[in-house]
Every structure is written in structure tokens, then in C-alpha cells.
Amino acid sequence: AVLRHEAALYFKNPLGYLYLIIFTALAAALTFTIGDFFEINQASLSYSFFKWHPFLYAILVPAIGMRIWTSEIQNGTMEILFSLPVPIPLVVLGKYLAAAILVLTGLALTFPVILTVGYLGEPDYGEIGAGYLGSSLIALSFLAICIYFSAALKSQVASYIISATVCLLTVLLGSS
């Protein structure tokens, strides 16, 4: 019930659609412009497509995660939510999975990039599948970080700033 309610909120709210549009547009734009896709002369997405995903997630996923718990705190609905006949771990899981559905939908909407690469050459689809798996794991781990800060802080802005900073530092530490 929590999952259904939260997922419906994402898809009734312009924030969810804005995330999907911005993520897919930036992923494609970075791949074919800054990502040097055409200059490397290979039908590969490793260097031009997947290398930008952690940076996009570090900036965009905190916008999704910042409101998960802070909105409940600000609206005073936390007590009502926890008084429902649903175990607290299931409430947390439902909220996380609803946000994960939105984030992974954004990743799934990048599928036309695979079609484009398949049209332009003969890519290694195993490498692409592994790239999508890794990208989804990064997105889900960043979402978990954002949910933690959303629960720990009372302000959505503070939650976004700290979550984005931690996620961006994680990316920068890993890209050395």
C-alpha cells in the first residue's frame, strides 16, 4: 500500500516527470557531445555513456530522495504513517522502492541509446548489460544515502545539499 501510494505521488507530481526528462536528455546529450562517442570510433558505451551516470545521479537522485521523509516531518504526517497497521520496515521499504522505480524508469528510458549504438555498429551487449547493472546499483546506493539524510534532517534543502555533496564526493573519490 505504501509503495502504491508513493509511486502514484511520483507520477502525479511534475517532479517525477522532470527527473525523467532531465536524466534522459542529459544522458543522451553527454554521450553524443562531451562523451566523444563519435571520436573513439567504436560501438561502445563504456567511455561515453556510463561514465556520466554517477555524476548525473549525484546531482539528480538527491532531488528525488530529499522529500521522502522530510515531507512527512514537515507536513506532520509521520505519526499518522507510523500508526498505520503496517510494520515500520515495510513503510521504509515501500518508500524506497517507490523512489527506486522512478530512478530505474529514468535509466530504462535511455534504451534508445542502445538502439542507436546497435544501428551504428556492433556493440558488445554483455558489456552494455553489465554497464546498466552497475549504473542501477550506483543509483540505488545513492538513493539509500539520500533517504538516510532525508530522515536525519528536517529541511528538504539541507537534505538535498548534504546528499548531493556526499554522493558527489563518493563519485570523485572513485574516479581518481
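A nonpolar patch sits on the surface of this predicted model, built from Leu3, Leu90, Leu93, Leu97 and Ile101. Together these residues expose about 390 Å² of accessible area. Helix α6 puts in the largest share of the patch, with 4 residues; Ile101, for one, has its place in that helix.

Two of the patch residues, Leu97 and Ile101, turn up again where α6 packs against α1. Two packed helices are described by the angle between their axes and the distance between the axes. Here, the axes of α1 (residues 2–12) and α6 (residues 88–108) come within 8 Å and cross at roughly 35°, and the crossing is right-handed. On the α1 side, the contact is made by Val2, Leu3, Glu6, Ala7, Tyr10 and Phe11. Facing them from α6 are Val91, Gly94, Lys95, Leu97, Ala98, Ala99, Ile101, Leu102 and Thr105. Sorted by character, the residues of this contact come out as 11 nonpolar, 2 polar and 2 charged. Leu3 of α1 also belongs to both the contact and the surface patch.

Glu6, part of the α1 side of that contact, has a second role to report. The structure holds 2 salt bridges, and one of them pairs Glu6 with Arg67, with the closest N and O atoms 3.9 Å apart. Since Glu6 lies in α1 and Arg67 in helix α4 (residues 67–75), the pair ties together parts that are 61 residues apart in sequence.

A further helix pair is formed by α3 (residues 53–65) and α8 (residues 125–152), which pack at an angle of about 35° with their axes 9 Å apart. This crossing, too, is right-handed. From α3, the residues involved are His53, Pro54, Tyr57, Ala58, Val61, Pro62 and Gly65. They meet Ser135, Ile138, Ala139, Phe142, Leu143, Cys146 and Ser150 of α8. The make-up of this contact is 10 nonpolar and 4 polar residues, with no charged ones, whereas the contact of α1 with α6 includes 2 charged residues.

Helix α3 also holds Ala63. Leaving aside residues up to four places away in sequence, Ala63 touches Leu15 and Tyr160. Leu15 is 48 residues from Ala63 along the chain, yet their C-alpha atoms are separated by 8.5 Å.

Terms used. Residues are numbered from 1 along each chain as its sequence is written. This is a predicted model: local features need pLDDT of at least 70, side-chain atom pairs count only at pLDDT 80 or more; totals for chains, interfaces and linings use all residues. Side-chain values use heavy atoms; hydrogens and water are left out. Axes are lines fitted to C-alpha atoms, for helices over the stretch in contact, and angles run from 0 to 180 degrees between N-to-C directions. Helices (H or I, at least four residues) and strands (E, at least two) are DSSP runs, numbered from the N terminus. A crossing is left-handed if the near helix is turned anticlockwise from the far one by less than a right angle, and right-handed if clockwise. Contact means heavy atoms within 4.5 Å. Ala, Val, Leu, Ile, Met, Phe, Trp, Tyr, Cys and Pro count as nonpolar, Asp, Glu, Lys and Arg as charged, and the others, Gly among them, as polar. Patches are made of residues with over 30% relative accessible area and no salt bridge: like charges are joined within 9 Å, nonpolar side chains (Val, Leu, Ile, Met, Phe, Trp, Tyr) within 5 Å. Accessible areas come from the Shrake-Rupley method with a 1.4 Å probe; for residues, only the protein chains shown count as cover. A salt bridge is a side-chain nitrogen of Lys or Arg within 4 Å of a carboxyl oxygen of Asp or Glu.
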